[in-house]
Amino acid sequence: MVSFSQQTYASRGEQHAHPVAKQLFATMERKQSNLSLAADVSTKSELLEIADKVGPYICVLKTHIDVISNFDQDLVVQLQALAEKHDFLIFEDRKFADIGNTVKLQYGGGVYRIADWAHITNCHVIPGEGIIQGLAEVGMPKGRGLLLLAEMSSKGMLATGAYTDKNVDMAIRNEFVIGFIGSRRFTEERDLITMTPGVGLHASGDALGQQYRTPEHIITENGSDIIIVGRGIYGPGKDAVAEAQRYREAGWNAYLKRLDQN
Ligand code: BMP
């Protein structure tokens with residue numbers, strides 16, 4: 001069988017059974033973008049502004065909704081409108097990590113009601129498989145998808161070896177799971193999408209343990225599918241639109257190069 005990383009995003013989308021994965025692959029192909037923006041800004045207006053400016057170049061907008069100091073329901077309404085306008089999916093990087101019953105409450109309710117607006121969210125599997133089942137009870141009926149944090153990008157991270165392997169096993173047997181946060185392709189048993197944070201063209205890291213690798217390393221060499229970029233796009237003194245264009249091109253060229261290696 002041809003490895004999933006040797007197939008086009010378009011054909012993977014056509015074959016995929018999960019509605020969110022299908023939509024994501026189709027969006028990537030349509031926009032020729034495997035770039036996700038990590039929009040870690042702290043106010044409603046900043047988030048809406050960057051989503052509107054960078055929206056045309058990304059396939060996924062990744063949010064940390066709990067860092068927005070003046071969050072309200074209108075923010076979500078406007079984010080959804082921008083997702084329609086610019087054709088991207090919304091990924092709330094919530095990193096759930098509690099028992100199944102608690103994450104159900106956190107995902108479906110509370111102030112943020114994440115399951116109502118985020119196409120994708122993610123979790124740690126540290127509590128065991130019940131966390132996936134709890135999130136699936138809320139997210140599956142709404143047609144949402146889940147990523148497992150099989151690895152992290154930060155220095156000294158503990159998600160390695162047997163723990164990473166357990167993530168892969170759980171992902172394969174849970175249809176709510178569409179993929180991973182991690183640095184590479186993890187399995188050929190099922191088409192699970194890898195999204196990789198810690199991507200930068202210029203810096204090697206930050207003062208708090210973040211580590212950056214290039215799009216080419218992540219996409220061409222490691223077989224990951226989507227690059228997640230934050231400060232590389234909107235950091236101090238940067239022209240966010242120009243940087244988003246640059247990362248989109250770098251990510252897409254790395255994907256074309258991977259296909260060429262067939
Ligand atoms: P930046 O490109 O500015 O370093 O941002 C990276 C983003 O990806 C942040 O939103 C962070 O929460 C997220 N992230 C990460 O950096 N490493 C991981 O392993 C998992 C993440 O979600």
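Modeller: In this predicted model, a residue counts as near a molecule if one of its heavy atoms lies within 4 Å of it.

Biologist: Which residues come nearest to the ligand?

Modeller: The ligand has 14 residues around it. This shell divides into five nonpolar, four polar and five charged residues. Those that come nearest are Asp40, Lys95, Ser153, Tyr212 and Arg231.

Biologist: How much of the area that the ligand exposes when taken alone does the protein bury?

Modeller: Oxygen atoms of the ligand have polar side-chain partners: a polar atom of Asp40 lies at 2.6 Å, and one of His64 lies at 2.9 Å. In the side chain of Arg231, an N or O atom is 2.7 Å from a ligand oxygen. Taken alone, the ligand exposes 480 Å², and the portion buried by the protein is 90%.

Biologist: Which pocket is the space taken by the ligand?

Modeller: A molecule is assigned to a pocket if more than half of its atoms lie within 2 Å of the grid points of that pocket. The space that the ligand takes is the largest pocket.

Biologist: Is Cys59 buried or exposed?

Modeller: The relative accessible area of Cys59 is 0%. Buried means under 20%, so Cys59 is classed as buried.

Biologist: How many disulfides does the structure hold?

Modeller: A disulfide requires two cysteine sulfur atoms within 2.5 Å. Cys123, like Cys59, is buried. The number of disulfides in the structure is zero.

Conventions
Residues are numbered from 1 along each chain as its sequence is written. This is a predicted model: local features need pLDDT of at least 70, side-chain atom pairs count only at pLDDT 80 or more; totals for chains, interfaces and linings use all residues. Side-chain values use heavy atoms; hydrogens and water are left out. A polar contact is a pair of N or O atoms within 3.5 Å; within protein, one must be able to donate a hydrogen and the other to accept it, and residues adjacent in sequence count only if both atoms are side-chain atoms. Accessible areas come from the Shrake-Rupley method with a 1.4 Å probe; for residues, only the protein chains shown count as cover. On a 1 Å grid over the protein atoms alone, a cavity is a set of points where a 1.4 Å probe fits but cannot get out, and a pocket is an open set with protein on both sides within 12 Å along at least five of seven lines; lining residues have an atom within 4 Å of a point. Ala, Val, Leu, Ile, Met, Phe, Trp, Tyr, Cys and Pro count as nonpolar, Asp, Glu, Lys and Arg as charged, and the others, Gly among them, as polar. Buried means under 20% relative accessible area, exposed over 50%, partly exposed in between (1.4 Å probe, protein chains only).
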